[in-house]
Protein chains: 2
Amino acid sequence: MQEKLKNIKLFSVLGDDALSLLANYFKVVNHKKGTILIHAEKVEPYFYILETGIARAYSDGENQQITFWFGQAGDVLLSYNSYINNKPGYENIELLEDSVLYQIHLHDLFELYNQHLALANWGRKIAERELIATENRLIDRSFKDAKERYRDFIVQSPNLIKRVALKHIASYLGVTQVTLSRIRSACK
Amino acid sequence: MQEKLKNIKLFSVLGDDALSLLANYFKVVNHKKGTILIHAEKVEPYFYILETGIARAYSDGENQQITFWFGQAGDVLLSYNSYINNKPGYENIELLEDSVLYQIHLHDLFELYNQHLALANWGRKIAERELIATENRLIDRSFKDAKERYRDFIVQSPNLIKRVALKHIASYLGVTQVTLSRIRSACK
DNA sequence: GTCTACATTTTACAAATGTTAAAAAATAGA
DNA sequence: TCTATTTTTTAACATTTGTAAAATGTAGAC
């Protein structure tokens, strides 16, 4: 397991001692495309890292779902409100492809955080990086119009464009599918 | 200093040992209204906690500034990209009132993170909480129209409505000042 | 192949928001 | 208090985006 974890970029900053500790608790799991790994309104007790596959996080509204995050190989999947506050989360996470994941129980992870300094700081950086990315997306919503956001998305996530339904990309970009379709036809 | 820090909610989860460690490095600083405490495009080496006052974080565009965050008493002010990547950040942070702050050098803070387990986990939670708040704001941009976002803002941040210029609130809500003005006059 | 379900595009119209400019109101300093 | 400056509002018009419904495209089951 330790060898497998070593291949994940997220773990590359960790020393062998931290890695071997983690390896004791991580477990490989496989899930089919369409699996809802994390459910909104529930306390979800697992922390996952995606080895292969694609995932999306979304929230349910009255008439629509809003996809606000995509996960790719090496990314962390979890219910942040479960993780931080031990309370039901706001996000569903769906696997958009058959996936292989590494799974650890939050209980174990927190135990490790409280035992191992390097791991606690590693966990800190995971959240900090995600925060910067999210804050930048929020800022882009104001600075850039939908066309620019779509163009940026194509450049920054060419692999997602190919593999993810446009309706999900539309809501990720903050527009309806009709608007995205208009943008796409104007680009031809 | 330790007694002062104890009054900040952010520190309430810390034990006396962690707090006294921190207290050795934190320093009280005063700044006038209008001070730009954190500059975009620069590596900013300090981590601040606001004791009294109000602050806003904004990014500069070609024709406009986008305010994407407000800080109040007890909140953390820093350049996340300086903090995490030791690289120039994207945010300016301006004090909107005369303020009292606690200041610590990032170098010292990281030293503490690498010495003290409880502090490393405390730093983790700071970022995690901010992440949840930011992610929720991003989701709200899609689910709610400007009128709803304004109403929510009034309810959730009544103190900011009173003390912050409407032009800043407009860009925080993701609309122009003209649109916010229309919303406000329709609410009367 | 044909059927079915689902995804995407297109169309026409409606609603929301942006742009620009100007007026009005509020505020800070002298 | 008065002036100068800034903030906020208002107006007219342009643009973007949303909504609903129909048309088209796509993939898999049979």
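These are my notebook entries on two protein chains and two DNA strands in a predicted model.

**Ground rules**

I kept in mind that residues are numbered from 1 along each chain as its sequence is written, that chains are lettered from A and ligands numbered from 1 in the order in which they are written, and that side-chain values use heavy atoms, with hydrogens and water left out. As this is a predicted model, local features need pLDDT of at least 70 and side-chain atom pairs count only at pLDDT 80 or more, while totals for chains, interfaces and linings use all residues.

**Entry 1: where chain B meets chain A**

I began with the contacts (heavy atoms within 4.5 Å). I found 40 residues of chain B in contact with 40 residues of chain A.

Next I looked up the buried area, which is the accessible area (1.4 Å probe) that two parts lose on being put together, summed over both. For chain B and chain A that comes to about 3700 Å², with 70% of it on carbon and sulfur atoms.

I then checked for salt bridges (a side-chain nitrogen of Lys or Arg within 4 Å of a carboxyl oxygen of Asp or Glu). Between chain B and chain A the count is zero.

Polar contacts were next: these are pairs of N or O atoms within 3.5 Å; within protein, one must be able to donate a hydrogen and the other to accept it, and residues adjacent in sequence count only if both atoms are side-chain atoms. Here I noted 10 residue pairs in polar contact between chain B and chain A, both residues at pLDDT 80 or more.

Which elements of chain B supply at least two residues each to the side that touches chain A? I listed β4 (55-60), β5 (65-71), α3 (80-85), α4 (106-113) and α5 (117-143). Helices (H or I, at least four residues) and strands (E, at least two) are DSSP runs, numbered from the N terminus. The largest share of this side, 20 residues, comes from α5(B).

**Entry 2: B:Thr134, on that helix**

I picked B:Thr134, which sits in helix α5 of chain B. Is B:Thr134 buried or exposed? It is buried, because its relative accessible area is 5%; the scale is buried under 20%, exposed over 50% and partly exposed in between (1.4 Å probe, protein chains only).

I also saw the side chain of B:Thr134 reach the backbone oxygen of B:Glu130 at 2.8 Å. Leaving aside neighbours within four places in sequence, B:Thr134 is in contact with A:Leu131, A:Thr134, A:Glu135 and A:Leu138.

**Entry 3: DNA strand D**

I moved on to the residues near the DNA (one of their heavy atoms within 4 Å of the strand). Of the 15 residues around DNA strand D, A:Thr179, A:Arg182, B:Leu166, B:Lys167 and B:Ser181 come nearest. Sugar and phosphate make up 63% of the strand D atoms that come within 4 Å of the protein.

I wrote down three distances to phosphate oxygens of strand D. A polar side-chain atom of A:Thr179 lies 2.4 Å from one. For an N or O atom in the side chain of B:Lys167 the distance is 2.8 Å, and for one in the side chain of B:Gln177 it is 3.4 Å. α9(B) gives the most to the surface near strand D, with six residues.

**Entry 4: DNA strand C**

DNA strand C is surrounded by 17 residues, and the closest are A:Leu166, A:Lys167, A:Ser181, B:Thr179 and B:Arg182. Here the largest share of the nearby surface, six residues, comes from α9(A).

What does the side chain of A:Arg182 lie 3.5 Å from? I found a base nitrogen of strand C at that distance from an N or O atom of the side chain. Phosphate oxygens of strand C turn up too: one is 2.8 Å from a polar side-chain atom of A:Lys167, and one is 3.1 Å from a backbone N or O atom of B:Thr176.

**Entry 5: B:Gln103**

I found B:Gln103 in strand β8 (residues 99-105) of chain B. B:Gln103 counts as buried because its relative accessibility is 10%. Its side chain makes a polar contact with the side chain of B:Tyr48 (3.3 Å).

**Entry 6: two loop residues**

Last, I looked at backbone angles. A:Glu41 has a positive phi of about 70° although it is not a glycine, and I placed it in the loop between β2 (36-38) and β3 (46-52) of chain A. A:Glu41 counts as exposed, at 64% relative accessibility.

B:Asn86, also not a glycine, has a positive phi of about 55°. B:Asn86 is in the loop between α3 and β7 (92-95) of chain B, and is exposed, with a relative accessible area of 58%.
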